[in-house]
Amino acid sequence: MEKTELEKSKSHIVVEIIEYMPNAVLSKTIIKKLSGNITVTSFDAGEELAEKISPFDTYIQIIDGAAELTIDLKRIKLKLGDGIIIPAHSRRRFNANEQFKMIATVIKSGYED
């Protein structure tokens, strides 16, 4: 049985937390709490995540490759090392024109519009 979080007090190589899988989008939880979560996700080239809306701001950081993100119909290209805050209540969609990995951080506690 896989743990829901990464082991605490242990160093990790962030880009190696998750691997690429052909024709797939994979996610692994780093931290999951009622107050928010941090996940790492890998996208194989040609994959996408369906459009969604979150009630919380989400911070995205690209840790491998490059991504195309659409926020409320605005396309944004993100490369290795780039980070962006996706505003709460906005429509977002990820497209992988090439393989990429990202970390997503959502903080729910103390949220105000």
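**Figure 1. Pairing of strand 4 with strand 6 in the predicted model.** In this predicted model, strand 4 and strand 6 run antiparallel to one another and are joined over 4 bridges. Within this pairing, Gln 61 has Gly 83 of strand 6 as its bridge partner. The side chains of strand 6 alternate in direction. Ile 84 and Ile 86 point to one face and are buried, whereas Gly 83 and Ile 85 point to the other face and are not buried. In a regular strand, such alternation between the two faces of the sheet is the general pattern.

**Figure 2. The largest nonpolar core.** This core comprises 15 residues, and those touching the most other members are Ile 60, Ile 62, Leu 69, Ile 84, Phe 94, Phe 100 and Met 102. At least two residues of the core are supplied by each of strand 4 (58–71), strand 5 (74–79), strand 6 (83–86) and strand 8. Strand 4 provides the largest share, with 5 residues. A second core, separate from this one, has 7 residues, including Leu 6, Ile 30, Val 40 and Ile 103. Nonpolar side chains tend to be buried together in soluble globular proteins.

**Figure 3. A cluster of phenylalanine rings.** The whole structure contains 2 aromatic pairs. One of them is the tilted pair of Phe 43 and Phe 94, with 6.0 Å from centre to centre and 40 degrees between the planes. Phe 43 belongs to strand 2 (residues 36–43) and Phe 94 to strand 7 (residues 91–95), so this pair ties together parts that are 51 residues apart in sequence. Phe 43 and Phe 94 are both buried. Phe 43 also forms a stacked pair with Phe 100, at 4.3 Å centre to centre and 10 degrees between the planes. Because Phe 43 lies in strand 2 and Phe 100 in strand 8 (residues 100–107), the stacked pair ties together parts that are 57 residues apart in sequence. Phe 100, like Phe 43, is buried. Through these ring pairs, Phe 43, Phe 94 and Phe 100 are linked into a cluster.

**Figure 4. Surroundings of Phe 100 and the ring of Tyr 20.** Neighbours within four places in sequence being set aside, the contacts of Phe 100 include Tyr 20, Thr 41, Ser 42, Ile 62, Asp 64 and Asn 95. Gly 65, Ala 66 and Ala 67 are also among them. Over the ring of Tyr 20 sits the charged end of Lys 101, 4.8 Å from the ring centre.

**Figure 5. Asn 37, a buried residue of strand 2.** Asn 37 is located in strand 2. With a relative accessible area of 17%, Asn 37 is buried. Beyond its neighbours within four places in sequence, Asn 37 is in contact with Ile 31, Lys 32, Ala 104, Thr 105, Val 106 and Lys 108.

**Figure 6. Salt bridges of the model.** The count is 4 salt bridges. Arg 93 and Glu 48 form one of these, with 3.9 Å between the closest N and O atoms. Arg 93 in strand 7 and Glu 48 in strand 3 (residues 48–53) are 45 residues apart, and the pair links distant parts of the chain. Both partners count as partly exposed, Arg 93 at 30% relative accessibility and Glu 48 at 43%. Another salt bridge joins Glu 51 to Arg 91, the closest N and O atoms lying 3.1 Å apart. Glu 51 is in strand 3 and Arg 91 in strand 7, 40 residues apart. Glu 51, at 41% relative accessibility, is partly exposed, and Arg 91, at 43%, is also partly exposed. The side chains of Lys 79 and Asp 82 meet in a salt bridge of 3.3 Å, N to O. Lys 79 is exposed, with 52% relative accessibility.

Definitions and conventions. Residues are numbered from 1 along each chain as its sequence is written. This is a predicted model: local features need pLDDT of at least 70, side-chain atom pairs count only at pLDDT 80 or more; totals for chains, interfaces and linings use all residues. Side-chain values use heavy atoms; hydrogens and water are left out. Rings of Phe, Tyr and Trp (its six-membered ring) pair if their centres lie within 6.5 Å; planes under 30 degrees apart count as stacked, over 60 as edge-to-face and the rest as tilted. Buried means under 20% relative accessible area, exposed over 50%, partly exposed in between (1.4 Å probe, protein chains only). A charge sits over a ring if NZ of Lys or CZ of Arg is within 6 Å of the ring centre and within 35 degrees of the ring normal. A nonpolar core is a set of buried Ala, Val, Leu, Ile, Met, Phe, Trp, Tyr and Cys residues joined through side-chain atoms within 4.5 Å. Contact means heavy atoms within 4.5 Å. Two strands pair if DSSP finds at least two bridges between them.
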